[in-house]
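This report describes a sheet, the helix packed with it and a few loop residues.

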Amino acid sequence: MSGATRPDLCDDLKDIPVGPMPEGGCAACIELGDTWVHLRFCLTCGVVGCCDDSKNQHARKHAAIGGHPTIRSKEPGEFWAYCYTHDMARALRPRRDTKPGD
Ligand SMILES: [Zn+2]
Ligand SMILES: [Zn+2]
Ligand SMILES: [Zn+2]
């Protein structure tokens, strides 16, 4: 189909900070006594929420309420970011920690 050209990447996903992520799970789920499937990390404010496969979908709710569109996966070994506003994802480069003496 040739229609409107969809950009490969929205502006939200162009410059993703790849820094360390906090420990712990979805605070909102813990408060409710609920569990989650996977964890997502808000790239705007650093809040950790649960994914769309989770019952409470706190990451998506946080994006909608807080106006923070981008998250990245907080799952070990997963390196990607996602924009809820534009329904786009991008791969991230795994962070290489330079260890002294390496
Ligand atoms: Zn976007
Ligand atoms: Zn949650
Ligand atoms: Zn946020």
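## Sheet, helix and loops

Five strands form an open sheet in the order β2-β1-β3-β4-β5, and their pairing is antiparallel. At the edges are β2 (48-50) and β5 (88-91), each of which pairs on one side only. On average, and with direction ignored, neighbouring strands in this sheet are turned by 30° against each other. The model is a predicted one.

Helix α2, made of residues 58-66, lies across β1 (39-42), β2 and β3. The helix runs at about 120° to β2.

Within the sheet, strand β3 (residues 70-73) is joined to strand β4 (residues 80-83) by three bridges in the antiparallel sense. R72 has A81 of β4 opposite it. On the β5 side, β4 pairs with β5 over four bridges, again in the antiparallel sense. Here Y82 has A89 in β5 as its bridge partner. The strands β4 and β5 make a hairpin, with four residues between them.

Two residues in the loops are not glycine and yet have a positive phi: Q57, with a value of about 45°, and D87, with a value near 55°. Q57 belongs to the loop between β2 and α2, while D87 belongs to the loop between β4 and β5. T85 also lies in the loop between β4 and β5.

The table gives the exposure of these three residues.

| Residue | Other C-beta atoms within 10 Å | Class |
|---|---|---|
| Q57 | 18 C-beta atoms | partly exposed |
| T85 | 14 C-beta atoms | partly exposed |
| D87 | 8 C-beta atoms | exposed |

The classes follow from the counts. A residue is exposed if 12 or fewer other C-beta atoms lie within 10 Å of its own, and buried if there are 20 or more. D87 counts as exposed because it has 8 such neighbours. T85 is partly exposed because 14 other C-beta atoms lie within 10 Å, and Q57 is partly exposed because it has 18 C-beta neighbours inside 10 Å.

Which residues does T85 contact, leaving aside its neighbours within four places in sequence? They are D12 and P69. T85 can also be placed relative to R60: the two are 25 residues apart in sequence, and their C-alpha atoms are 9.9 Å apart in space.

Note on methods
Residues are numbered from 1 along each chain as its sequence is written. Chains are lettered from A and ligands numbered from 1 in the order in which they are written. This is a predicted model: local features need pLDDT of at least 70, side-chain atom pairs count only at pLDDT 80 or more; totals for chains, interfaces and linings use all residues. Two strands pair if DSSP finds at least two bridges between them. Helices (H or I, at least four residues) and strands (E, at least two) are DSSP runs, numbered from the N terminus. Axes are lines fitted to C-alpha atoms, for helices over the stretch in contact, and angles run from 0 to 180 degrees between N-to-C directions. Two residues are in contact if their C-beta atoms, placed from the backbone, lie within 7 Å.
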